[in-house]
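Hello,

Here is the structure I promised to pass on to you. Have a look at it first, and then read my notes below with the model open beside you.

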Amino acid sequence: GASQVDDFVFTGVVKHLTKSIGDPVDFNFYGFPVVVNVGDTGEEVAAKVKLKLDAAAGEGRVFNSVAHGATLDIIQVSYTDYQPHILPPLSQYTLKVTQAQSSPAKPGYGSWVRIGTQTLTLDGSAAPVTLFYFKREA
């Protein structure tokens with residue numbers, strides 16, 4: 001299998017009706033809370049979201065990799081699984097985030113790691129056989 005790769009494009013500026021430029025607000029990027037400031041541009045919000053997603057990828061959660069896209073207002077992610085991820089457009093504080101799929105998921109049998117081997121002689125067999133044991137990671 002292969003993981004889906006997405007580009008998330010951040011457009012606009014963070015605005016709030018009752019807060020001033022520079023005041024912090026909580027931006028919810030598909031379940032990842034990120035503190036941004038009123039007045040932040042798409043590039044600035046993308047940079048802050050990227051830091052949060054980098055931490056998740058470092059812990060092996062949700063993402064294999066997180067990088068800037070072709071421009072600084074784009075974050076490119078690769079997921080840990082081989083499932084399709086279709087997310088609705090996101091709009092908060094007049095800032096919009098749209099998902100553009102760079103490479104679709106290709107379902108497979110997952111990612112496996114060998115955890116050991118064992119040699120046994122099975123009933124009715126003259127020669128021993130080697131059994132290989134694997135554990136599925138994703």
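**What I found**

Let's start with Ala47: is it buried, partly exposed or exposed? Its relative accessibility is 33%, so Ala47 counts as partly exposed, because the buried class ends at 20% and the exposed class begins over 50%. Please keep in mind that this is a predicted model. Ala47 sits in helix H1, which covers residues 42–58. From Ala47 to Ile74 there are 27 residues in sequence, and their C-alpha atoms are 8.9 Å apart in space.

Next, the inside of the protein. The largest nonpolar core holds 24 residues, and Phe10, Phe27, Phe29, Val49, Leu53 and Phe63 have the most contacts inside it. Two or more residues each come from E1, E2 (24–29), E3 (32–37), H1, E4 (63–68), E5 (74–79) and E7 (95–103). H1 gives the largest share, six residues. There is a general pattern to remember here: in soluble globular proteins, nonpolar side chains tend to be buried together.

Now follow strands E2 and E3. They run antiparallel and are joined by six bridges. Val25 stands opposite Val36 of E3, and Phe27 has Val34 of E3 as its bridge partner. Two residues lie between the strands in this hairpin, where Tyr30 takes a positive phi near 50°.

Which residues of E3 point to the buried face? They are Phe32, Val34 and Val36, while Pro33, Val35 and Asn37 point to the other face and are not buried. E2 also has two faces: Val25, Phe27 and Phe29 make up the covered one, and Pro24, Asp26 and Asn28 the uncovered one. In a regular strand the side chains alternate between the two faces of the sheet.

Phe27 is a good residue to click on. Leaving out residues up to four places away in sequence, Phe27 touches several residues, among them Phe10, Val45, Val49, Leu90, Tyr93 and Val97.

Finally, go to Gln4, in the segment before strand E1 (5–11). Gln4 has a relative accessible area of 0%, so it is buried. The side chain of Gln4 makes a polar contact with the side chain of Asp6, at 2.9 Å. Residues farther along the sequence also touch Gln4, including Val77, Tyr79, Asp81, His85, Gln99 and Pro104.

Enjoy exploring, and write back with any questions.

Best wishes

Note on methods:
Residues numbered from 1 in each chain as written. Predicted model: local features only at pLDDT ≥ 70, side-chain atom pairs only at ≥ 80, totals over all residues. Heavy atoms only, no water. Helix = DSSP H or I, 4+ residues; strand = E, 2+ residues; numbered from the N terminus. Buried < 20%, exposed > 50% of the residue type's maximum accessible area, 1.4 Å probe, protein only. Polar contact = N/O pair within 3.5 Å; in protein donor to acceptor, adjacent residues only side chain to side chain. Contact = heavy atoms within 4.5 Å. Core = buried A, V, L, I, M, F, W, Y, C linked by side-chain atoms within 4.5 Å. Pairing = 2+ DSSP bridges.
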